[in-house]
Amino acid sequence: MKFLIINGPNMNMLGVREPEIYGHKTLKDLEAVIWAYCSDKGVDLEFFQSNSEGAIVDAIQEALKDDDGIIINPAAYTHTSIAIPDAIKAVGLPAVEVHLSDLNSRESYRKHSFTSEACIATIMGKGFDGYLEAVDTLLQALK
């Protein structure tokens, strides 16, 4: 089993960007937590981060070749991109949307997710643990 973990714009700035919301741990720390969690679950992982919508769409399309599922934090593209959910729908792989913070308790423009419409679940406000829950959600969906 192999999952693609996609992180969108500014996720490369974890640990620096708004630590009062996102904490002090980095994207590399997040990847290490997910690797450790998956090590005994028989799940191989591929990580991808981009600040570019087109690169994210390309990564989703490439997932069709090698991956069984997608975990995606589209970050700001959650609220603006139609191309990302369209790509998820096009490849037909189960996908789980994850957000470190609870979007419903943030600015009003963050409350609508275009991406969630293409995903089997959305997990918000659980920090790094949300990604681990997403792994379990995909594993359950793929049984």
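Which residues are exposed on the other side of H2? They are Lys 28 and Ala 36. This is a predicted model. The points below cover helix H2 (27-38), the nonpolar cores and the cysteines.

**Helix H2**

- H2 has twelve residues, and the distance from its first C-alpha to its last is 17 Å, close to the 16 Å expected at 1.5 Å a residue.
- Leu 27, Leu 30, Glu 31, Ile 34 and Cys 38 are the buried residues of H2.
- These buried residues lie on the same side of H2, because they cover an arc of only 100 degrees around the axis.
- An α-helix has 3.6 residues a turn, so residues three or four places apart point the same way.
- The cover over the buried residues of H2 includes E1, strand E2 (44-49) and H5.
- At the N-terminal end, H2 is capped by Thr 26, which has a side-chain oxygen 3.3 Å from the backbone nitrogen of Lys 28.
- Lys 28 is thus named twice here: its backbone nitrogen takes part in the cap, and the residue is exposed.

**Nonpolar cores**

- The largest nonpolar core has 24 residues, and those that touch the most other members are Phe 3, Ile 34, Leu 45, Ile 71, Leu 100, Tyr 131 and Val 135.
- Two or more residues of this core come from each of strand E1 (2-7), helix H2 (27-38), strand E4 (95-99) and helix H5 (129-141).
- H5 gives the largest share of this core, six residues.
- Ile 34 belongs to this core and is also one of the buried residues of H2.
- Leaving aside residues up to four places away in sequence, Leu 100 touches Met 11, Leu 14, Tyr 22, Asn 73, Gly 125, Lys 126, Gly 127, Phe 128 and Tyr 131.
- A second core, separate from the largest one, has 17 residues, among them Leu 4, Ile 6, Val 57 and Ile 84.
- In soluble globular proteins, nonpolar side chains tend to be buried together.

**Cysteines**

- There are zero disulfides in the structure.
- Cys 38 cannot be bonded to Cys 119, which holds the closest cysteine sulfur, because the two sulfurs are 17 Å apart, too far for a bond.
- A disulfide requires the two sulfur atoms to be within 2.5 Å.
- Cys 119 is likewise in no disulfide, as the nearest cysteine sulfur is that of Cys 38.
- Cys 38 counts as buried because its relative accessibility is 1%.
- Cys 119 also counts as buried, at 13% relative accessibility; the cut-off for buried is under 20%.

Definitions and conventions:
Residues numbered from 1 in each chain as written. Predicted model: local features only at pLDDT ≥ 70, side-chain atom pairs only at ≥ 80, totals over all residues. Heavy atoms only, no water. Buried < 20%, exposed > 50% of the residue type's maximum accessible area, 1.4 Å probe, protein only. Core = buried A, V, L, I, M, F, W, Y, C linked by side-chain atoms within 4.5 Å. Helix = DSSP H or I, 4+ residues; strand = E, 2+ residues; numbered from the N terminus. Contact = heavy atoms within 4.5 Å. Expected span 1.5 Å × (residues − 1). Arc of directions from axis to C-beta. Polar contact = N/O pair within 3.5 Å; in protein donor to acceptor, adjacent residues only side chain to side chain.
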